[in-house]
Amino acid sequence: MAYQSVFERRELKYLLTRAQQQRVLQAIAPYMARDRYGRTTICNLYFDTADYRLIRHSLEHPVYKEKLRLRSYGRAAPLSEVFVEVKKKFDHTVYKRRIALTEKAALEWLHDGNCPVHDHQISREIAYFLSYYPSLHPTVYLSYEREAYYCRAGGDFRVTFDENVLGRTNELSLETEAWGTPLLAEDHVLMELKCPGAIPLWMTQILTQERLYKTSFSKYGTAYQTLIFPQVKEAIFHV
């Protein structure tokens, strides 16, 4: 098992109350349909350096930023499919490269540098990423429940709703249950619009009607600020 995929698109984020979510779902129903996976639990391990260089840089809102994560859809097992992903953002456009492997092969690659896929552009990019940040290791486990919708008329416009966003800094394995500290307010849902170009006019009208405005919410960034930075700050002041 090893296949690769590339995504290039804009990703716009909005924080909604559950009441707003229901109104948006009703409004998009003529245009969008829920994808065949239904409600999915997405589990991630985010990798960073010992001094959290990647997320600290990201929180400064630079023009360019990047991150590395290991993702599974539901709880993983050693031979189940997971995705090694490098996600880059430059000038508001997201570029995501990922390779599907077994969890066992992916972990061996990320921990030991034993690349199971050779002579492919994406594997070379990930290998370079690993060599450029030699101290990368899992720092945060993040999970959330997602419902995704695709455009009935075709095209690449997608809308996703993430809720029950949980983060933790221990038991950093995709083979464990999804649990952790909630990173969203109980009554809130994160909506993302994913599109290669402009948002459809009908979606713009829905956003205007509901008075929804873009946010820079980052799941990993929120986990860092909530779970990690307080410990780092305490350690500094107690030195």
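This talk covers the charged side chains of a predicted model and one nonpolar patch on its surface.

Good morning, colleagues. I shall begin with Arg 71. Its place is in strand E3, which runs over residues 64-73. Arg 71 is buried, yet it has no salt bridge. How far away is the nearest side chain of opposite charge? That side chain belongs to Glu 85, and the distance is 4.1 Å. A salt bridge requires a nitrogen and a carboxyl oxygen within 4 Å, so this pair is not counted as one.

What, then, does the side chain of Arg 71 make polar contacts with? One partner is the side chain of Asn 44, at 2.8 Å. Another is the side chain of Tyr 144, at 2.7 Å. Residues that Arg 71 touches, leaving aside those up to four places away in sequence, include Ile 42, Val 82, Phe 83, Lys 96 and Leu 174.

I turn now to the salt bridges. Across the whole structure, a search finds 22 of them. Let me present three.

In one of these, Arg 23 and Glu 210 meet through their side chains, with N to O at 3.0 Å. Arg 23 lies in helix H1 (residues 18-28) and Glu 210 in helix H5 (residues 201-210), so the pair ties together parts that are 187 residues apart in sequence. Arg 23 is partly exposed, its relative accessible area being 40%, whereas Glu 210 counts as buried at 12%.

Next, Arg 158 forms a salt bridge with Asp 35, and their closest N and O atoms are 3.4 Å apart. This pair links strand E7 (residues 158-168), which holds Arg 158, with strand E2 (residues 32-48), which holds Asp 35; the two residues are 123 apart. Is each partner buried or partly exposed? Arg 158 is partly exposed at 27% relative accessibility, while Asp 35 is buried at 14%.

Strands E7 and E2 are also linked by Glu 163 and Arg 39, which are 124 residues apart. Their side chains meet in a salt bridge of 3.3 Å, N to O. Here Glu 163 is buried, at 11% relative accessibility, and Arg 39 is partly exposed, at 42%.

Salt bridges that share partners also create one network, whose members include Arg 9, Glu 11, Lys 87, Arg 146 and Asp 162.

Finally, the surface. Val 63, Tyr 64 and Phe 90 form a nonpolar patch there, together contributing about 280 Å² of accessible area. Phe 90 lies in strand E4, residues 81-90, and is partly exposed, with a relative accessible area of 42%.

Thank you for your attention.

Methods. Residues numbered from 1 in each chain as written. Predicted model: local features only at pLDDT ≥ 70, side-chain atom pairs only at ≥ 80, totals over all residues. Heavy atoms only, no water. Helix = DSSP H or I, 4+ residues; strand = E, 2+ residues; numbered from the N terminus. Buried < 20%, exposed > 50% of the residue type's maximum accessible area, 1.4 Å probe, protein only. Lys, Arg positive; Asp, Glu negative; His and termini not counted. Polar contact = N/O pair within 3.5 Å; in protein donor to acceptor, adjacent residues only side chain to side chain. Contact = heavy atoms within 4.5 Å. Patch = residues over 30% accessible without salt bridge, like charges linked within 9 Å, V, L, I, M, F, W, Y side chains within 5 Å. Areas by Shrake-Rupley, 256 points an atom, 1.4 Å probe, with all protein chains shown as cover.
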